[in-house]
Amino acid sequence: MIEVIPAIDIIGGECVRLHQGDYQEKTVYYKNPVDFAKKIAAVGIKKLHLVDLDGAKAGEVKNLKLLTEIKITTGLEIDFGGGIKTLQSAWDVINAGAEKINLGSIAVKNPELTAEIITALGPEKIIMAADVKDRFIAINAWQDKSSLELNTFIKQYLALGVNQFLCTDVSKDGTLAGPALELYQEIISDFPEIYLIASGGVADYTDLTQLDHAKVSAVVVGKAILEGRISLEQIC
């Protein structure tokens with residue numbers, strides 16, 4: 001069965017979800033994200049996708065202390081994204097307790113620095129975050145669409161040894177409208193060797209089954225879990 005990774009998105013120290021990446025359409029689910037992380041760990045789930053939305057918007061990591069608190073409290077294997085724009089900030093995130101980091105906007109804006117980070121940390125520590133709007137990579141906390149096409153992005157970082165790609169269809173994120181199955185099938189057809197992590201739109205267990213049948217390696221799920229459409233017990 002496909003690996004299911006719960007997500008916690010952070011704004012202002014709270015666990016939230018946005019609708020299609022819109023910071024004006026925010027729903028708060030937990031005042032303290034650690035409480036939700038404890039529930040995730042309590043059922044035997046091992047991994048967590050942690051997104052610093054404050055950091056993504058500000059262009060610098062903002063929630064290192066919360067990352068460390070979640071790691072110390074739960075022992076979850078955390079991949080962390082949002083605001084990682086320098087080699088030092090990449091190391092700071094790893095040293096604060098993350099197992100892996102997500103690189104998105106910086107990979108579009110500064111491929112030289114991104115290559116330096118990949119070399120320094122090792123490609124196994126890197127997940128390339130391909131946030132997609134109409135098959136082009138979205139940047140700046142999803143607010144802007146770059147001129148970099150998805151397949152070009154994947155080829156560029158496959159060549160540097162990175163094998164894990166988190167692909168979010170921004171139009172699906174937070175909508176519970178179903179995942180971008182066609183997009184993922186196309187990616188798998190073009191790049192069968194990558195570890196593809198889907199994100200966005202998952203509404204229920206049927207969506208997980210469809211992604212599994214499409215041979216997607218893993219899926220990040222946020223809103224569907226937070227709203228009780230998929231239970232933590234179902235995915236542990």
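## Overall architecture

The protein chain contains eleven helices and twelve strands in its secondary structure, and the model described here is a predicted one. With 236 residues, a compact globule would be expected to have a radius of gyration near 18 Å, and the 16 Å computed for the protein chain agrees with that expectation. The C-alpha trace spans about 40 × 40 × 30 Å along its principal axes.

Of the 236 residues, 55% count as buried, while the surface that the protein chain exposes comes to about 9,800 Å², with carbon and sulfur atoms supplying 48% of this area. When contacts between residues at least 6 apart in sequence are considered, 62% of them join residues at least 24 apart.

## Parallel strands β4 to β7

Strand β5, made up of residues 77-81, has four of its five residues buried, and it is therefore largely enclosed by the rest of the structure. On one side of the pairing pattern, strand β4 (residues 47-52) is joined to β5 in the parallel sense over five bridges, and within this pair Leu50 stands opposite Phe80 of β5. Strand β6 (residues 100-103) also runs parallel to β5, the two being joined by three bridges, and here Gly81 has Asn102 in β6 as its bridge partner. Together with helix α4 (residues 87-95), β5 and β6 make a β-α-β unit that is right-handed.

The pairing continues from β6 to strand β7 (residues 126-133), again in the parallel sense and over three bridges, with Leu103 placed opposite Met128 in β7. In a regular strand, side chains alternate between the two faces of the sheet. In β6, Lys100 and Asn102 point one way whereas Ile101 and Leu103 point the other way, and all of these residues are buried.

## Nonpolar core

The largest nonpolar core holds 71 residues, and the members that touch the most other members are Ile101, Met128, Phe153 and Ile187. Two of these names also belong to the strands described above: Ile101 is among the residues of β6 whose direction was given, and Met128 is the residue of β7 that faces Leu103.

For Ile187, the contacts that remain after residues up to four places away in sequence are set aside are those with Leu150, Ile154, Cys167, Ile194 and Leu196.

## Two buried helix residues

Thr114 is located in helix α6, which covers residues 111-121, and it counts as buried because its relative accessibility is 0%. Leaving out residues up to four places away in sequence, Thr114 touches Leu103, Ile106, Ala107, Met128 and Tyr157. Its contacts thus include Leu103 and Met128, the pair that stands opposite each other across β6 and β7.

Val34 belongs to helix α1 (residues 33-42), and with a relative accessible area of 2% it lies under the 20% cut-off and is therefore buried. The residues that Val34 touches, again not counting those up to four places away in sequence, are Leu66, Glu69, Ile70 and Thr73. Val34 and Lys125 are 91 residues apart in sequence, and their C-alpha atoms are 23 Å apart in space.

## Residues with positive phi

Most residues other than glycine have a negative phi. Arg135, although not a glycine, has a positive phi of about 70 degrees; this residue is found in the loop between β7 and β8 (136-139). The relative accessibility of Arg135 is 25%, and it therefore counts as partly exposed.

Leu176 likewise has a positive phi, near 60 degrees, in a residue other than glycine, and it lies in the loop between β10 (164-169) and α8 (181-190). Leu176 is buried, its relative accessible area being 17%, which is under the 20% cut-off for that class.

How values were computed. Residues are numbered from 1 along each chain as its sequence is written. This is a predicted model: local features need pLDDT of at least 70, side-chain atom pairs count only at pLDDT 80 or more; totals for chains, interfaces and linings use all residues. Side-chain values use heavy atoms; hydrogens and water are left out. A nonpolar core is a set of buried Ala, Val, Leu, Ile, Met, Phe, Trp, Tyr and Cys residues joined through side-chain atoms within 4.5 Å. Buried means under 20% relative accessible area, exposed over 50%, partly exposed in between (1.4 Å probe, protein chains only). Contact means heavy atoms within 4.5 Å. Two strands pair if DSSP finds at least two bridges between them. A crossover is right-handed if, with the strands pointing away from the viewer, the path from the first strand over the helix to the second runs clockwise. The radius of gyration is taken over C-alpha atoms; the globule rule is 2.2 Å times the number of residues to the power 0.38. Accessible areas come from the Shrake-Rupley method with a 1.4 Å probe; for residues, only the protein chains shown count as cover.
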